[in-house]
Amino acid sequence: ATAGESANTMLFLVEGSVIVEAASGGEVGQVNCGASFSEIALLGILEVRTVTLRARGPCHVMAISAEVLGQALKAYNSEALQMRFEQLAKSRRRQVEAGLPLAAL
C-alpha cells in the first residue's frame with residue numbers, strides 16, 4: 001500500500017511485519033501480524049491511503065472492500081453489529097473533522 005493511492009479497502013496483516021512510512025517517506029513505525037490499516041478508507045471517510053507499508057520480508061495481507069463487508073454484515077443479519085459499524089464510522093468522521101492525527105484513530 002502506498003500513501004496517496006486510491007483506497008476503498010481495509011487491509012489486515014495476516015503474516016509478517018511491515019514498516020510504516022509517512023507520506024513524506026519517513027519511517028513512523030513497524031507493525032506485525034494482526035495489525036489492520038485503512039479502516040477510514042473502508043468506512044468512506046478518506047479516499048486515499050495516508051501511509052506507505054513496506055514489507056520487511058514475506059507477508060500475507062488480506063484486503064476487505066466495503067462491498068464485501070456490507071454483504072457479510074447482511075448475511076450475519078445482526079442489527080447490533082451493523083449499528084456498531086455505523087457508530088465506528090461516525091466516531092472516526094468526528095475525529096478526522098476535529099483534526100486529530102490519524103495515528104490516534
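Colleague: In which sense do strand β2 and strand β3 pair?

Modeller: This is a predicted model, in which strand β2 covers residues 17–22 and strand β3 covers residues 27–32. Glu21 stands opposite Glu27 in β3, and in the hairpin of β2 and β3, which has four residues between the strands, Gly25 takes a positive phi near 100°. The two strands are joined over five bridges, and the sense of their pairing is antiparallel.

Colleague: Which residue in β5 stands opposite Ile19?

Modeller: β2 also pairs with strand β5, residues 51–55, in the antiparallel sense and over five bridges. Within β5, the residue that stands opposite Ile19 is Arg54.

Colleague: How many residues make up the largest nonpolar core?

Modeller: The members are Leu11, Leu13, Val18, Val20, Ala35, Phe37 and Leu53, with β1 (9–15) and β2 each supplying at least two of them. Leaving aside residues up to four places away in sequence, Leu53 touches Ala1, Leu11, Val18, Ile19, Val20 and Phe37. Counted together, the residues of the largest nonpolar core number seven.

Colleague: Which elements give two or more residues to the lining of the second largest pocket?

Modeller: The second largest pocket holds about 170 Å³ of space, and its lining includes Ala66, Leu69, Leu73, Gln82, Phe85 and Glu86. By character, the lining residues divide into seven nonpolar, two polar and one charged. The elements that contribute two or more residues to this lining are α2 (66–76) and α3 (79–97).

Technical notes
Residues are numbered from 1 along each chain as its sequence is written. This is a predicted model: local features need pLDDT of at least 70, side-chain atom pairs count only at pLDDT 80 or more; totals for chains, interfaces and linings use all residues. Side-chain values use heavy atoms; hydrogens and water are left out. Two strands pair if DSSP finds at least two bridges between them. A nonpolar core is a set of buried Ala, Val, Leu, Ile, Met, Phe, Trp, Tyr and Cys residues joined through side-chain atoms within 4.5 Å. Buried means under 20% relative accessible area, exposed over 50%, partly exposed in between (1.4 Å probe, protein chains only). Contact means heavy atoms within 4.5 Å. On a 1 Å grid over the protein atoms alone, a cavity is a set of points where a 1.4 Å probe fits but cannot get out, and a pocket is an open set with protein on both sides within 12 Å along at least five of seven lines; lining residues have an atom within 4 Å of a point. Grid points are joined across faces, edges and corners, and a volume is the space filled by probe spheres set on the points. Ala, Val, Leu, Ile, Met, Phe, Trp, Tyr, Cys and Pro count as nonpolar, Asp, Glu, Lys and Arg as charged, and the others, Gly among them, as polar.
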